[in-house]
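The exercises below are meant to be worked with the sequence and the coordinates open side by side. Each one sets a task and is followed by a solution that proceeds step by step.

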Amino acid sequence: MSDDEARAELLRLRASIDNIDAALIFMLAERFRATQQVGHLKADHRMPASDPGREEQQVARLRALAEEAHLDPEFAEKWFNFVVAEVIRHHTEAAEGR
């Protein structure tokens, strides 16, 4: 592969990465819209902001999906925990604002 071909391939790969990043951002936004609705429902019915049983199920499910996708399950769990911490923060704010 020539240097020019390598640069063209690099640009193609980066464009693909940029598209994937954009899709991830839009998917995360959609996920947070859904979890905000959950937060309001929980607040309206005085349910706790977190659900440890549900979170355990999700971790197991996401770890299995990660393995199937050849993604490090540890990374998938860290990502999920990061997202859940933000979701719980939103749920707590919704409960405090009711």
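**Exercise 1. Decide whether Arg46 is buried or exposed, and describe its backbone.**

Step 1. The relative accessibility of Arg46 is 62%, and because exposed means over 50%, Arg46 counts as exposed.

Step 2. As for its place in the chain, Arg46 sits in the loop between α1 and α2.

Step 3. The phi of Arg46 is near 50°, which is a positive value in a residue other than glycine. As background, most residues other than glycine have a negative phi.

Step 4. The model is a predicted one, so a reader will want the confidence values alongside such a reading: the chain averages a pLDDT of 93, and 99% of the residues score at least 70.

**Exercise 2. Find what phi His70 has, and in which loop His70 is found.**

Step 1. His70 belongs to the loop between α2 and α3.

Step 2. Its phi is near 60°, again positive in a residue other than glycine.

Step 3. With a relative accessible area of 76%, His70 is exposed.

**Exercise 3. Test the lengths of α1 and α3 against the span expected at 1.5 Å a residue.**

Step 1. Helix α1 covers residues 3-44, which makes 42 residues, and the distance from its first C-alpha to its last is 61 Å.

Step 2. The expected value for α1 is 62 Å, and the span found in the model is close to it.

Step 3. Helix α3 has 24 residues that should span 34 Å, and because its end C-alpha atoms are 34 Å apart, the two values agree.

Step 4. At the N-terminal end of α3, Asp72 acts as a cap, with a side-chain oxygen 3.0 Å from the backbone nitrogen of Glu74.

**Exercise 4. Describe how α2 and α3 pack, and state which residues make the contact.**

Step 1. Two packed helices are described by the angle between their axes and the distance between the axes. For α2 and α3 the angle is about 145°, and the axes are 8 Å apart.

Step 2. The crossing in which α2 passes α3 is right-handed.

Step 3. On the α2 side the contact is made by Glu55, Gln58, Val59, Leu62, Arg63, Ala66 and Glu67, while α3 contributes residues including Pro73, Trp79, Phe80, Val84 and Ile88.

Step 4. One of these α2 residues, Gln58, is buried, with a relative accessible area of 10%, and its side chain is joined to that of Arg61 by a polar contact of 3.1 Å.

Step 5. Glu67, which also lies in α2, counts as exposed at 52% relative accessibility. The C-alpha atoms of Glu67 and Lys42 are 25 residues apart along the chain and are separated by 32 Å.

Step 6. In terms of confidence, among the elements of the chain α2 has the highest mean pLDDT, 97, and α3 the lowest, 90.

**Exercise 5. Identify which residues of α1 and α3 are buried, and what packs against them.**

Step 1. In α1 the buried residues are Phe32, Thr35, Gly39, Lys42 and Ala43, and these pack against α3.

Step 2. In α3 the buried residues are Pro73, Ala76, Phe80, Val83, Val84, Val87, His90, His91 and Ala94, and what covers them includes both α1 and α2.

**Exercise 6. Determine whether His91 is buried or exposed, and trace which residues it touches.**

Step 1. His91 is found in helix α3, and because buried means under 20% relative accessible area, its value of 5% makes His91 buried.

Step 2. Leaving aside residues up to four places away in sequence, His91 touches Thr35, Val38, Gly39, Lys42 and Ala49.

Step 3. Of these partners, Gly39 is also reached through a polar contact, since the side chain of His91 lies 3.3 Å from the backbone nitrogen of Gly39.

**Exercise 7. Find where Gly97 lies, and how its C-alpha is placed relative to that of Leu71.**

Step 1. Gly97 is found in the segment after α3.

Step 2. At 64% relative accessibility, Gly97 counts as exposed.

Step 3. Gly97 and Leu71 are 26 residues apart along the chain, and their C-alpha atoms are separated by 38 Å.

Notes: Residues are numbered from 1 along each chain as its sequence is written. This is a predicted model: local features need pLDDT of at least 70, side-chain atom pairs count only at pLDDT 80 or more; totals for chains, interfaces and linings use all residues. Side-chain values use heavy atoms; hydrogens and water are left out. Buried means under 20% relative accessible area, exposed over 50%, partly exposed in between (1.4 Å probe, protein chains only). A polar contact is a pair of N or O atoms within 3.5 Å; within protein, one must be able to donate a hydrogen and the other to accept it, and residues adjacent in sequence count only if both atoms are side-chain atoms. Helices (H or I, at least four residues) and strands (E, at least two) are DSSP runs, numbered from the N terminus. The expected span of a helix is 1.5 Å times one less than its number of residues. Contact means heavy atoms within 4.5 Å. pLDDT is the predictor's confidence in each residue, from 0 to 100. Axes are lines fitted to C-alpha atoms, for helices over the stretch in contact, and angles run from 0 to 180 degrees between N-to-C directions. A crossing is left-handed if the near helix is turned anticlockwise from the far one by less than a right angle, and right-handed if clockwise.
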